[in-house]
Amino acid sequence: MMVKTNNIEKSYNGLRVLKGVNLEIEVGQIVSIVGASGAGKSTLLHILGTLDSPDNGELWINNIDVTKLSQKKIAHFRNQNIGFVFQFHHLLPEFNAIENVLIPAMIGNKNGQNKTTKAKEILDYLGLIDRLDHKPSELSGGEQQRVAIARALINEPKVIFADEPTGNLDSENSNEILNLFFDLSNSFNQTFVIVTHNKDLANKADVILTINDGVIENDY
Ligand code: ADP
């Protein structure tokens with residue numbers, strides 16, 4: 001089991017957004033999270049990604065109960081196990097593509113390992129080998145998002161959480177990103193959890209989870 005929750009609850013100022021979320025995500029699955037605007041999709045994704053903590057409930061990632069870890073241990077765990085892709089790529093404008101990809105590797109670098117070769121391999125796989133020295137402003141929207149995906153992959157995460165990864169892209173680039181996720185799932189058994197309004201992407205997922213009234217509709 002890659003991700004498992006037990007009765008996750010979250011409120012903001014008395015507003016109960018998540019009312020007991022239970023889900024199980026297997027290794028290598030592509031899971032989409034859908035639901036009306038304001039249903040709590042991003043809230044859930046942030047909690048699953050350890051960027052936010054639940055008020056109640058338990059969360060296991062790769063069989064570790066992360067709700068029991070200290071803040072410091074969570075930060076390390078996140079760096080080593082989790083990759084993120086957001087709607088807006090959040091690349092650092094002053095750094096070129098390969099430098100942006102290397103940032104999580106430098107943060108997580110304990111053994112002074114040089115991950116430049118690995119970064120090049122990933123960027124090559126994503127069709128960006130000719131763009132290594134380009135800054136984000138010199139890349140198209142689709143290329144920027146592929147650099148962000150390369151950055152998510154550099155530490156070989158167990159699971160990648162994506163929040164509207166195609167939300168800012170035209171349909172051609174959206175399809176490219178969608179195909180890329182499926183390639184990575186098929187070739188490397190990469191697990192993805194994706195919040196999306198993109199119906200193609202949502203419907204092609206191995207599992208579709210719908211949030212409604214603070215819980216997952218699909219019964220486990
Ligand atoms: P979705 O991603 O499904 O559109 P969100 O998870 O972003 O929904 O938001 C769910 C609800 O929680 C919304 O009503 C939103 O206003 C509220 N909410 C989300 N984050 C916060 C926050 N940090 N503080 C207060 N309210 C929040």
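This is a dialogue about reading strands, cores and a ligand site in a predicted model.

Trainee: Where should I begin with strand E8, and how many of its residues are buried?

Mentor: Begin by asking how much of each residue is left accessible, since a residue counts as buried when its relative accessible area is under 20%. In this predicted model, 5 of the 5 residues of E8 are buried, so the strand is largely enclosed by the rest of the structure. Val159, Phe161 and Asp163 point one way from E8, while Ile160 and Ala162 point the other way.

Trainee: Which strands pair with E8, and in which sense, parallel or antiparallel?

Mentor: Pairing is read from the bridges between strands. Strand E7, residues 82-85, pairs with E8 in the parallel sense over 4 bridges, and Ala162 of E8 is the bridge partner of Val85. E8 and E9 also run parallel and are joined by 5 bridges, with Val193 in E9 as the bridge partner of Phe161. Between these two strands the chain passes from E8 through H6 to E9, and this β-α-β crossover is right-handed.

Trainee: What can be said about Asn175 in helix H6, and is this residue buried, partly exposed or exposed?

Mentor: Asn175 lies in H6, which spans residues 171-188, and Asn175 is partly exposed because its relative accessible area is 33%, a value that falls between the 20% and 50% limits. Distance in sequence and distance in space should be read separately: Asn175 and Leu201 are 26 residues apart in sequence and 8.3 Å apart in space, C-alpha to C-alpha.

Trainee: Which residues touch the most other members of the largest nonpolar core?

Mentor: In soluble globular proteins, nonpolar side chains tend to be buried together. Here the largest nonpolar core has 35 residues, and Leu123, Val147 and Ile149 touch the most other members. The elements giving two or more residues to this core are helices H3 (97-107), H4 (116-125), H5 (141-153) and H6, together with strands E8 (159-163) and E9 (191-195). Leaving aside neighbours within four places in sequence, Leu123 is in contact with residues including Ala97, Val101, Leu132 and Val147. Apart from the largest core lies another core of 29 residues, among them Met2, Leu23, Val31 and Phe161.

Trainee: Which residues are around the ligand?

Mentor: List the surrounding residues before turning to individual polar atoms. Those around the ligand are Tyr12, Leu15, Val17, Ala36, Ser37, Gly38, Ala39, Gly40, Lys41, Ser42 and Thr43. A polar backbone atom of Gly38 is 2.7 Å from an oxygen atom of the ligand, and a polar backbone atom of Gly40 is 2.9 Å from an oxygen atom of the ligand. For Thr43, a polar side-chain atom lies 2.6 Å from an oxygen atom of the ligand.

Definitions and conventions: Residues numbered from 1 in each chain as written. Predicted model: local features only at pLDDT ≥ 70, side-chain atom pairs only at ≥ 80, totals over all residues. Heavy atoms only, no water. Buried < 20%, exposed > 50% of the residue type's maximum accessible area, 1.4 Å probe, protein only. Core = buried A, V, L, I, M, F, W, Y, C linked by side-chain atoms within 4.5 Å. Contact = heavy atoms within 4.5 Å. Pairing = 2+ DSSP bridges. Right-handed = clockwise from strand over helix to strand, strands pointing away. Near = heavy atom within 4 Å. Polar contact = N/O pair within 3.5 Å; in protein donor to acceptor, adjacent residues only side chain to side chain.
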